[in-house]
2 protein chains.
Amino acid sequence: MTAQQVSGQHEAELLDEMWRHVTPDAARRMLIAAAHAFADKGYHATTTRDIASLAGMSPAAVYIHYRSKEDLLFQISKIGHELSLSVLSDVPGKDPVERLSNAVSSFARWHAEYHTTARVVQYELGALSPEHHATVVELRRGIEGRMRSIIAEGVEAGLFDAPDLRGATLAVLSLCIDVARWYQPTGKRTPEQIGALYADLVRRMLMS
Amino acid sequence: MTAQQVSGQHEAELLDEMWRHVTPDAARRMLIAAAHAFADKGYHATTTRDIASLAGMSPAAVYIHYRSKEDLLFQISKIGHELSLSVLSDVPGKDPVERLSNAVSSFARWHAEYHTTARVVQYELGALSPEHHATVVELRRGIEGRMRSIIAEGVEAGLFDAPDLRGATLAVLSLCIDVARWYQPTGKRTPEQIGALYADLVRRMLMS
DNA sequence: TTAGGATCTAAGCAACCGCTTAGTATGTGC
DNA sequence: GCACATACTAAGCGGTTGCTTAGATCCTAA
C-alpha cells in the first residue's frame, strides 16, 4: 500500500466519521457520493446518475431518501456549516493570543482536512434555493461572529492592533476558507502544518 | 441616478475597457455577457441561450465567433489571467517593503474591481479542456513566481521574516484571490480601501 | 403463513442542452 | 448590376437532464 493509498483511506475514514449520524446507510453513502461529485465537478455538472452510480445504486434510489438533487446539496451544506461552526466553539486558550492561534489553526486545518466538503460549502452556495440559502447564511453569520469576538477580546485587552475589526475578521476568515480551494492531499503540507503556519501568520498580522 | 446605478455604470465601463481589444463588436458583447453569466451562475448552469440573450442575439450567433461554449470560457480565463499577471509586472517601489505593499494592494484591488472576471478565472478552471487548462496553469505559475520573487527580495535583504517562503507566498496570494469571492460592489469597502487594508496586514505579517 | 411497509430497480417522460443546418439580409469590390 | 463574403436568424436534431411511475424484492410482526 503506497503513501497515497494510505492518505486516500484516511480521507475516506474521515468522511465516514463526518457523516456518521446520517441514517440509513444508503442515505449516508449517497451524501458522501454527492459531496465528492459536487466538490470534484461542481453541483451543476454533476448528474443524479453520477451520484447514484458512485453510491452503487440506481438513479431512482436517490429519491427514496432525498426530495431532490438540491436537497442533497442542502444537507451537505447544512452539516458542513454546522461542523465548521463547531470548530470555532469553546476554543481553548489561557489568553486572547492563544485563543486566536487555536481558532485559526483549527479552522484552517478543518478546511484542509475536509476540503471536499468545504469546497461544496463555499462554492455552491448559489445553487441553493432561496429558503435553504437563508438558513445557511444564518450559520455563516454565526461563524463570522465567533471569530470576530475572539479578535475583539484581544483588541480590548490591548494585545491586538486592529483598527478595522470587521475588516480584520474578514481577512482572517478569508485566509482560512481559501485553504479549501488550493489544498491538495498530495501536497507537501499536512493540514496540521497549514494550521500552524496560518496561526503564526495571523498572530503576527494582528499583534500590536 | 442612484449611487448604486453609478456604481453599476462604473463597472460596465470597466468591463468595456477590459475587453476593448476584442473584435468585432458582437464578439466582445458576447464575451462580456458570458463573463457576467458565468460569474453569476457558474459555467455549467449557464446555457448558450442565456449568453446569446444577454448579448441581444440569437443562440446560433455564438458559434459565428466562438467554436464552443468552452472556447468562450477559455478566452475569458486567458485574458483574465494575463491581466491579473500584468498587475504584478514591474511593480514600483524603492525597497522590497514598498514593492510588496504595492503588489498586494494592486493585486487585491484587481480582484475586487474585476471580481466578475476574477470569479470565472478562479472558480471555473475545472471546466476547461485539458489543453486550455494547461495553458492557464502556466500563466498561474507566472503569477506565483512574481509574487514569490518580491517576497524573496525582502527576505534576502533581511527585511522580511518568512522561514517558509512558498507557504508565505501561497498565503499572500490566497488572501488577495479570495477577495473575489466575498467582495460586493454594494459593500462599504471600496477596492482601493481593500487594497490598502490588505497591504498593511501583509506587511505586518511578513516584516521582521 | 402472510399482510404490509420500506427499499430498491427498470423504464421512460417532458423539458432542456450544445450545437448544426439551411436560408436571409447586408455591405463591398468591380 | 452582380458576384461574393460576412453576419446573422429560424428551426430543429440527437442526446442528456431531473424526476416519476409501476412493479419487484426484502424484512418484520402478528
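# Close-up views of a two-chain protein on DNA

**Figure 1. Polar contacts between chain A and chain B.** Between chain A and chain B there are 12 residue pairs in polar contact, both residues of each pair being at pLDDT 80 or more. The model is predicted. On chain A, helix H7 (115–123), helix H9 (165–177), helix H10 (179–182) and helix H11 (191–206) each give at least two residues to the side that touches chain B. The most comes from H9(A), with seven residues. Sorted by class, this side of chain A has 13 nonpolar, five polar and 10 charged residues.

**Figure 2. Salt bridges between the chains.** Four salt bridges are counted between chain A and chain B. One salt bridge joins A:Asp161 to B:Arg204, and the closest N and O atoms of this pair are 3.3 Å apart.

**Figure 3. The area buried between the chains.** In this interface, 28 residues of chain A are in contact with 28 residues of chain B. About 2,400 Å² is buried between chain A and chain B, with 58% of it on carbon and sulfur atoms. Three residues, A:Arg181, A:Arg204 and A:Met205, supply 25% of the area that chain A buries against chain B, more than any other three residues.

**Figure 4. The axis that relates the two copies.** Chain A is superposed on chain B by a rotation of 180° with 0.0 Å of shift along its axis, and the RMSD is 0.0 Å. The two copies are therefore related as by a two-fold rotation axis. Within chain A, A:Met205 has the C-alpha nearest the axis, at 2.2 Å from it. Of the interface residues of chain A, 100% are also interface residues in chain B, so the copies meet through the same surface.

**Figure 5. The protein surface near DNA strand D.** Around DNA strand D there are 16 residues, of which A:Thr47, A:Tyr63, A:Lys69, B:Ser58 and B:His65 come nearest. Seven nonpolar, six polar and three charged residues make up the surface near this strand. Among the atoms of DNA strand D within 4 Å of the protein, 56% belong to sugar or phosphate, and the rest belong to bases.

**Figure 6. Single contacts to DNA strand D.** Two of the contacts shown go to phosphate oxygens of DNA strand D: a backbone N or O atom of A:Thr48 lies 2.9 Å from one, and an N or O atom in the side chain of B:Ser58 is 2.6 Å from one. A base is approached by A:Arg49, with a polar side-chain atom 3.0 Å from a base nitrogen of DNA strand D. Helix H3 (48–54) of chain A and helix H4 (62–65) of chain B are the elements that give two or more residues to the surface near this strand.

**Figure 7. The protein surface near DNA strand C.** DNA strand C is surrounded by 16 residues, and the closest are A:Ser58, A:His65, B:Thr47, B:Tyr63 and B:Lys69. At least two residues of this surface come from each of two elements, helix H4 (62–65) of chain A and helix H3 (48–54) of chain B. The classes near DNA strand C are seven nonpolar, six polar and three charged residues.

**Figure 8. Single contacts to DNA strand C.** An N or O atom in the side chain of A:His65 is 2.6 Å from a phosphate oxygen of DNA strand C. From chain B, a polar side-chain atom of B:Arg49 lies 2.9 Å from a base nitrogen of this strand. From chain A, a polar side-chain atom of A:Arg49 lies 3.5 Å from a base oxygen of DNA strand C.

Note on methods
Residues are numbered from 1 along each chain as its sequence is written. Chains are lettered from A and ligands numbered from 1 in the order in which they are written. This is a predicted model: local features need pLDDT of at least 70, side-chain atom pairs count only at pLDDT 80 or more; totals for chains, interfaces and linings use all residues. Side-chain values use heavy atoms; hydrogens and water are left out. A residue is near a molecule or strand if one of its heavy atoms lies within 4 Å of it. A polar contact is a pair of N or O atoms within 3.5 Å; within protein, one must be able to donate a hydrogen and the other to accept it, and residues adjacent in sequence count only if both atoms are side-chain atoms. Helices (H or I, at least four residues) and strands (E, at least two) are DSSP runs, numbered from the N terminus. Ala, Val, Leu, Ile, Met, Phe, Trp, Tyr, Cys and Pro count as nonpolar, Asp, Glu, Lys and Arg as charged, and the others, Gly among them, as polar. Contact means heavy atoms within 4.5 Å. Buried area is the accessible area (1.4 Å probe) that two parts lose on being put together, summed over both. A salt bridge is a side-chain nitrogen of Lys or Arg within 4 Å of a carboxyl oxygen of Asp or Glu. Copies are superposed by least squares on the C-alpha atoms of residues with pLDDT of at least 70 in both.
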